[in-house]
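Here's a quick walk through a few local features of this model. Have the viewer open as you read.

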Amino acid sequence: MRVVEVADDAGLDAFVRLGQDTHGGMAVPLPERTVRAWHRGRHPHPHPITLLLALDGDRPVGRAIVHRDDRLDARLGTRALVFGALEAPGPAVVDALLDDIEGRAAAAGAHELFGPAQLLPNQSGGVITAGFDERGFLDAAWNPPWLPEVLEARGMQRWYEADTWIVDVVDEDGPSVAELDAAGIRIDEVTRFGLDRGLRALLPLLNDSFALLPYFTPFSRGELRTQTAGLWLLHEPGLFLIARDEDDHPLAFVVAVLDASPVLQRSGGRMGPREAWSVAARRAELRREAVLVIQGARPDSQGKGIVSLLSRRLHANLAELGCRTLRSTPVGRQNPGSARQFSRFGGRPLHATTYYRKPLAPAAP
C-alpha cells in the first residue's frame with residue numbers, strides 16, 4: 001500500500017468517490033463542492049491543502065487531507081499539522097495514511113498532529129467515541145467504532161471532548177413580551193431575504209462569543225461565507241435568531257437549519273440543481289428534523305438567560321413548522337451552560353466526540 005498526493009482530475013474524482021460511503025446511512029458526506037474547492041485552491045484558508053489517496057496497488061482505498069494554520073498554532077501554542085476528511089475501510093488503511101502524514105509532519109518541522117478537522121475545529125471534524133448506533137447529521141461526524149481504537153493505539157490523545165445532543169421539540173409558547181422586556185432585548189428573526197444582513201451581524205458576534213474556547217480561531221468574512229454557503233436553501237423563518245439590546249446591538253444568537261442529511265447521502269455530497277429541487281420537493285418531510293448548528297452570546301451577555309429565551313423561541317418556531325426533533329452539533333463538556341439549553345428541554349447526549357493530538361519527536365539533525 002502506498003500514499004500519493006492528488007495531482008489531477010482523475011485523482012480528485014477518486015477522492016470524492018471515497019467520501020460517498022454513508023456506512024449504511026449513518027454518515028453524511030462532506031459537500032462535494034467543498035472538496036473540489038480545496039484541491040483547486042478556491043477557498044479562503046490561508047495555507048495550501050493537500051489531498052492524499054491511499055492506494056492498494058493502483059486501487060484507491062482511503063483518503064485524507066493535511067494542512068496547517070498559523071492561527072490554530074497560536075491558539076494551541078504549538079506547530080501542528082492538521083489532518084482531516086479521513087475515510088478508510090479499516091485500520092490498515094488508516095495506519096498507512098497516518099504513517100505518511102507523520103512523515104510529512106516531521107519534514108515540515110511540526111511538533112504534533114491534530115485532527116481530524118475540516119478544515120479547523122471551529123468548522124467541522126472530530127471523531128465519535130460513543131453513540132455509534134445513532135446516525136450522523138449535518139456538520140456532525142460519524143465513524144465506525146474501530147477508528148478511536150486505531151488512533152489511540154498510535155499514541156494519539158483525546159482533546160476537547162464534547163457531545164452532540166438530541167431533543168424532542170417542545171410545543172409551547174415562546175418567551176412573552178414581558179420576559180423580553182425584563183431582559184432588555186428583542187429577538188430579530190432573520191428572514192431568507194435578510195440573510196446577508198444577518199450574517200454580517202453574526203460574524204463579530206460569533207467571534208466574540210467563542211473567543212474563550214480553547215479550539216476557537218476567529219472566522220474571517222470569507223470563511224463564514226464559505227461555511228454558510230447554501231444556508232438559504234435550508235433556511236426557514238424563525239430558525240436564525242439574534243437577540244438585540246435596546247440600542248439594536250446584537251448580544252446572542254442561535255442558528256438552526258433543516259436537516260438535509262438524506263439528500264446529501266443520496267447524492268454523495270452533491271448539492272446542485274437536482275438536489276436543490278429535491279429539497280424543495282421534500283420540504284414538508286425535511287421540516288420534521290432540524291439541526292442547531294451554533295448558538296452563543298457575547299461574554300458580557302452570558303449567564304443572563306438570553307440564550308434560554310432564544311432557545312424557547314426557537315422551539316416555538318420549530319413546533320409551528322411541524323418539526324419533531326432537534327439535533328445539535330458538538331457542545332464541549334467544558335461548557336455546561338450550553339448543554340443546559342438541551343437538558344432543560346428533556347434532551348440527551350447523542351454522540352461523544354473528541355479531537356486528537358499527538359506530540360511528535362523532534363526530527364533528527
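Two strands count as paired here if DSSP finds at least two bridges between them. Strands (E, at least two residues) and helices (H or I, at least four) are DSSP runs, numbered from the N terminus. This is a predicted model, so to speak of local features takes pLDDT of at least 70 and side-chain atom pairs count only at pLDDT 80 or more, while totals for chains, interfaces and linings use all residues. Residues are numbered from 1 along each chain as its sequence is written, and side-chain values use heavy atoms, with hydrogens and water left out.

**Around β2**

Strand β2 has a partner in both β1 and β3. The table lists the two pairings.

| Pair | Residues of the partner strand | Bridges | Sense | One bridge pair |
|---|---|---|---|---|
| β1 and β2 | β1, residues 2-5 | four bridges | antiparallel | V4 with L53 |
| β2 and β3 | β3, residues 59-67 | seven bridges | antiparallel | L55 with P60 |

β2 itself covers residues 50-56, and five of its seven residues are buried (under 20% relative accessible area with a 1.4 Å probe, protein chains only; exposed is over 50%, partly exposed in between). How many residues sit between β2 and β3 in their hairpin? There are two, and G57 in that turn has a positive phi of about 70°.

**Helix α2**

β2 turns up again at helix α2 (residues 32-40), where the buried residues are E32, V35, R36, A37 and W38. Their cover includes α1 (9-18), β2, β3 and β4 (80-87), going by contact, meaning heavy atoms within 4.5 Å. Right after α2 comes G41, with another positive phi, near 75°.

**α4 against α5**

Helix α4 (residues 91-107) packs on α5 (residues 146-153) at an angle of about 40°, and their axes are 10 Å apart. Axes are lines fitted to C-alpha atoms, for helices over the stretch in contact, and angles run from 0 to 180 degrees between N-to-C directions. Because of that angle, α4 is oblique to α5; under 35 degrees would be roughly parallel, over 145 roughly antiparallel, 65 to 115 roughly perpendicular, and the rest is oblique. On the α4 side the contact uses P91, V94, D95 and L98, and on the α5 side W146, L147, V150 and L151.

**E172**

Finally, E172 lies in the loop between β7 (157-168) and α6 (177-183). Its relative accessibility is 40%, so E172 counts as partly exposed. E172 and R313 are 141 residues apart along the chain, yet their C-alpha atoms are separated by 9.2 Å.
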